[in-house]
Amino acid sequence: MTQPQDNQNIASLLLEQRRYPPSPDFAAQANAKADLYDGDPDEFWEREGRDRLSWFTPFTKLKEWDPPFAKWYLGGTLNACYNCVDRHVENGLGDKVAYYWEGENPADKITISYADLQRRVVKAANAFKELGVSKGSHVGIYMGMVPELPVTMLALARLGAPFTVVFGGFSPDSLSGRLNDMQCQYVVTQDGSWRRGKVFDLKVNADAAMDSAPSVTTCIVVKRGGNDVVMKDGRDHWWADVVDRQSDDPATCPCEPMDSEAMLFVMYSSGTTGKPKGVVHTTAGYLAGTSTTHHYIFDIKPETVYWCAADIGWITGHSYIVFGPLVNATTSVMYEGTPDYPDKDRWWDIIERYKATVLYCAPTAIRTHMKWGPEYAQRHDLSSLKVLGSVGEPINPEAWVWYRDNIGAGKTPVVDTWWQTENGMILISPLPGVTTLKPGSATKPFPGIEPAVYDNDGNEIPPGQGAGFLVVKKPWPAMLRGLYNDNDRFRDVYWSRFPGVYMAGDGARVDEDGDFWLMGRIDDVMNVSGHRLSTIEIESALVDHPEVAEAAVTARSDAITGQAVVAYVILKGGKDGSPEKAKELRDHVAKVIGPIAKPANIVFTPELPKTRSGKIMRRLLKDVAENRALGDTTTLADASIVDEIAARAKAEA
Ligand code: PRX
């Protein structure tokens, strides 16, 4: 096993002794009770799937498991949009707020009821239909956090057209790679999205991507930034031109009955090689898994005002801004902008104004707020908050306690939720009101989920006996059904190390109480600000620059972003680097992948540490990046090179 991500964090986790048992008041009103789960996963998921979802045809068989392929709720038909929108209107919840949408400009606010959402979705679906979208069409979505984004996802689900949402911060190359992989015929985008008062040219990027994605015939453009865009005749349509004139009567565009296992969407995620993996999610199991976890873990009540401060461009937004909350008829906040616009108290202002009862965000955001200081939160009344959530990376105990003390008034439960793009739904998390919380631990498996920690030989490591590979032994409803068009890679990445069980790629240990402590990735995947990045992908972006001969990328721990990208670069012709060249290379990585992948540090070096057989010893580069004593260097071809690199890295820092 390679080194998990953050040694200091792990050291502090091992020493962590604080315990927070549930308060009797919270427990008395909690959705989750101690007897929620009696140990029979099939009974649990059968009940949740039947009761929580509305079926056009009821399922006849709970699951089929032919490792690594799972099917859930077999024989059933349903529609994701119907479950998220229409049935709530039919059940008298039309006036209930689905989203309080707030633009980055604090003056931009829209309250969208379930009836409004239905009207918007029906109009969009009618427009898409008119443009030729039908059951089985593939659609790429490249947007910011505007209401039209969930509307588009729901309208496509209504028609039975699978989509892939590409995070708005990704580059044209990243977008075209995904459009080509999925052979998308349609793209939905915006003119521009707002970020810290400036417009980011999404359409310009989409144009560049579509130039190298020949499958795309039609593009729909939402006006938001007001920036100039070029509209290509015959291909591009303004959203308002095609959507506004459509009927909003649901009878004009009924929800397509879909098989339980019909593909709902593909979400691309970084793996250990250069090419992102197309993680496939289907309909019934995904909806059952996301809505069940959402209900119990965030203690969702009819009066809850829930805010997940993620971006819909990532899996967290799909599962816990769009599908899970809407299935549960939840009122959510959706925010377009950054936490520091116009000032660093924007989040707390939003919570106060909407009286939000749940906040779900990433540790990197919590650490950023810690750095800014508690005074920003103190300006606002946050007493509405009842549950705080964390996701995306290990949360260090200090950040956990700061979050509870300063945002949660020292009393709200903090649920540290572990899961992945591939999982679709939260797999390990406390149940507020039931679980005794431990800062830094995601605590217990969710009902019906059976994770374990294996040693190198595939033996389960008993509680309290040390760390190993996190695996999941049984299938779960929202699990990925494969990698799009790449079942060999699917088998190889997740199922080959320990046959028949899912290997997550994380290190973990289980303590004497059966609580899970996550210890970061054990492969070449990094986690920067809760975003997954692949070392190889960034290396490929660097060597794509004409002056770069060789590059090796590793991660170091960072107080705010969790991990930060460090790149060691050899320039062609033995040239020396400069701060200007470093900036140029950073910008190049941003251009090829997206700004989130920019290296924090670039160290120019004449050589990389290699074994005699020519393999780069990343372990040593990581030691240098972490500024710690070097591990075994005896297999190096030239041992002096690491000292040289270490000296250069120090100079660069
Ligand atoms: O390393 C784990 C980390 O994030 C990875 C999954 O990243 P992604 O697919 O982008 O999904 C992020 C949001 C679900 C995992 O392999 N991770 C996620 N949540 C936690 C975590 N690590 C520790 N604790 C968590 N709560």
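**View 1. Strand β11 is covered on both faces.** In this predicted model, take β11 one face at a time: Thr-218, Ile-220 and Val-222 sit on one side, Cys-219 and Val-221 sit on the other, and all are buried. Why do the residues split up like that? In a regular strand, side chains alternate between the two faces of the sheet. The strand spans residues 218-222, and 5 of its 5 residues are buried.

**View 2. β11 pairs with β8 and with β12.** Strand β8, residues 186-190, runs parallel to β11, and 5 bridges link the pair. Look for Tyr-186, whose bridge partner in β11 is Thr-218. Then find β12, residues 236-238, which is also parallel to β11 and joined to it by 3 bridges. Here Cys-219 stands opposite Asp-236.

**View 3. Val-187 belongs to the largest nonpolar core.** That core holds 167 residues, and Val-187 is listed with Val-121, Ala-309, Leu-359 and Leu-427 as having the most contacts inside it. Which residues does Val-187 touch, leaving aside neighbours within four places in sequence? They are Gly-140, Tyr-142, Leu-179, Ala-206, Met-210, Val-216 and Cys-219. Another core lies apart from the largest one; it has 31 residues, including Met-526, Ala-555, Val-565 and Leu-608.

**View 4. UniProt marks out two domains here, both from an unreviewed entry.** The "Acetyl-coenzyme A synthetase N-terminal" domain covers residues 40-84. This span is 38% helix and 31% strand, with its end C-alpha atoms 28 Å apart. The "AMP-dependent synthetase/ligase" domain is placed at residues 92-482. That stretch is 30% helix and 21% strand, and its end C-alpha atoms are 38 Å apart.

Definitions and conventions. Residues numbered from 1 in each chain as written. Predicted model: local features only at pLDDT ≥ 70, side-chain atom pairs only at ≥ 80, totals over all residues. UniProt positions renumbered as here; feature names shortened; annotations may be inferred. Helix = DSSP H or I, 4+ residues; strand = E, 2+ residues; numbered from the N terminus. Core = buried A, V, L, I, M, F, W, Y, C linked by C-beta atoms within 7 Å. Buried ≥ 20, exposed ≤ 12 C-beta atoms within 10 Å, placed from the backbone. Contact = placed C-beta atoms within 7 Å. Pairing = 2+ DSSP bridges.
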